[in-house]
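Please open the model in your viewer and keep the sequence panel beside it, since each stop on this tour asks you to select a few residues and then look at what lies around them.

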Amino acid sequence: VAFTKFNMDSHGEIIIGYWNIRGLGRPILLLAEYLKVPHEYKAYEEGDAPEFSKDSWLIEKNSLGLAFPNLPFLIDGEYKLTESFAIMDYLARKFKPELLGETTEEQSTVAMLVGVVAHAKRECATPCYTQSDVNLVVDKTIDALESISSYLADKTYLLGDKLTHVDFFVFEMLEAAFALGAKQKIEEKYPNFVEYHKRFREMDELKIFYENEKYKNQLFNMKSAPINAKGE
């Protein structure tokens, strides 16, 4: 299979690279869209069964000048970065620092939430790749979201009335959970997530993104995952 090498000339746009799935890349794209940051999305395609080739990424992995080559990545001129939350931190810090919290206490709380949400994401996503019981995934998701729902309580966002970059990640976790069959249980057990999710879906800043055909019907997980679903 032949692959076209990535053209690094992005004409001043930030480059965001990830697999052609939602996964860890979607919250970054949502944040970039919310911030109105001009960007190019470099989507790497996983091969079909049975090989599920990763060659589209592997042939470029060590040629992009990344200190720790991985997906997702961000390239902003000469600056290059990997790790999803580091990328979201960078975008917020550069274009809207208040998304990181405004006081020392708020910023430390956001840092804590990053760790909590990253752990919850692993708890939800890992079973999709390691086994084929969707009910187990639903149960794991319900358990993983419990502490976050409790912390959210009746607040607008995790930090009260103040939106942070972590909220974009939690929203995408809910999108995945709904698509994978956990919507009814979440609505019953965590009603505060219903309004929280709706709030993101109705953001004026994201409406154009939701209507973009490029991002519709993307898989949440890699093709090789036994449990998967497509988003709207």
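In this predicted model, the tour begins with the lining of the largest pocket, whose residues divide into 13 nonpolar, five polar and four charged. The pocket itself has a volume of about 470 Å³, and to find its centre you can select Y18, L24, L71, K121 and Y129, which are the closest to that centre among the 22 lining residues. Colour β1 (14-19), α3 (84-95) and α4 next, as each of these elements supplies at least two residues of the lining. Which of the elements gives the most to this lining? It is α4, with six residues.

**Along α4 to α6**

Keep α4 on display, now as residues 104-130, and add helix α6, residues 165-189; the axes of the two helices come within 10 Å and cross at roughly 20 degrees. An angle under 35 degrees counts as roughly parallel, and α4 and α6 are therefore roughly parallel to each other. Their crossing is left-handed. To see the contact, show the side chains of V110, L113, V114, V117, A120, K121, C124 and C128 on α4, together with H165, V166, F169, V170, M173 and L180 on α6. By class, the residues of this contact are twelve nonpolar, one polar and one charged.

**An enclosed space**

Stay with these two helices and turn to the cavities, of which the count comes to one of 30 Å³ or more. About 150 Å³ of space lies in the largest cavity, and a selection of K121, C124, A125, A176 and L180 will take you to the residues that lie nearest its centre, out of 13 that line it. The elements that give two or more residues to this lining are α4 and α6, with α6 giving the most, five residues. The lining of the largest cavity divides into eight nonpolar, three polar and two charged residues. K121 is worth a label at this point, as it is listed among the residues closest to the centre of the largest pocket and among those nearest the centre of the largest cavity.

**Two further partners of α6**

Leave α6 in place and select helix α5, residues 134-152, where the axes of α5 and α6 come within 9 Å and cross at roughly 100 degrees. Are the two helices roughly parallel or roughly perpendicular to each other? Angles from 65 to 115 degrees count as roughly perpendicular, and α5 and α6 are therefore roughly perpendicular to each other. On the α5 side the contact includes V134, V137, I142, L145 and I148, while on the α6 side V170, M173, L174, L180 and I186 are among the residues that take part. This contact has 13 nonpolar, two polar and three charged residues.

Now select helix α1, residues 25-34, whose axis comes within 9 Å of that of α6, the two crossing at roughly 130 degrees. The helices α1 and α6 are therefore oblique to each other, and their crossing is right-handed. Here R26, P27, L30, L31 and Y34 in α1 meet H165, F168, F169, F171 and E172 in α6. The classes in this contact are seven nonpolar, one polar and two charged.

**The second largest pocket**

To reach the second largest pocket, which has a volume of about 250 Å³, select E175, F178, K183, H197 and E232, the residues that lie nearest its centre among the 13 that line it. Both α6 and α7 (192-201) supply at least two residues of the lining, and the largest share, five residues, comes from α6. Colouring the lining by class will show four nonpolar, two polar and seven charged residues.

**Backbone details in the loops**

For the last stop, show the backbone atoms, bearing in mind that most residues other than glycine have a negative phi, and most peptide bonds are trans. In the loop between β2 (39-44) and α2 (55-58) you will find P50, which is joined to A49 by a cis peptide bond with omega of about 5 degrees. F52 has its place in the loop between β2 and α2, and although F52 is not a glycine, its phi is positive, at about 50 degrees. Finally, move to the loop between α2 and β3 (73-76), where P72 is found; a cis peptide bond, again with omega of about 5 degrees, joins L71 and P72.

Note on methods
Residues are numbered from 1 along each chain as its sequence is written. This is a predicted model: local features need pLDDT of at least 70, side-chain atom pairs count only at pLDDT 80 or more; totals for chains, interfaces and linings use all residues. Side-chain values use heavy atoms; hydrogens and water are left out. Axes are lines fitted to C-alpha atoms, for helices over the stretch in contact, and angles run from 0 to 180 degrees between N-to-C directions. Helices (H or I, at least four residues) and strands (E, at least two) are DSSP runs, numbered from the N terminus. Angles under 35 degrees count as roughly parallel, over 145 as roughly antiparallel, 65 to 115 as roughly perpendicular and the rest as oblique. A crossing is left-handed if the near helix is turned anticlockwise from the far one by less than a right angle, and right-handed if clockwise. Contact means heavy atoms within 4.5 Å. Ala, Val, Leu, Ile, Met, Phe, Trp, Tyr, Cys and Pro count as nonpolar, Asp, Glu, Lys and Arg as charged, and the others, Gly among them, as polar. On a 1 Å grid over the protein atoms alone, a cavity is a set of points where a 1.4 Å probe fits but cannot get out, and a pocket is an open set with protein on both sides within 12 Å along at least five of seven lines; lining residues have an atom within 4 Å of a point. Grid points are joined across faces, edges and corners, and a volume is the space filled by probe spheres set on the points.
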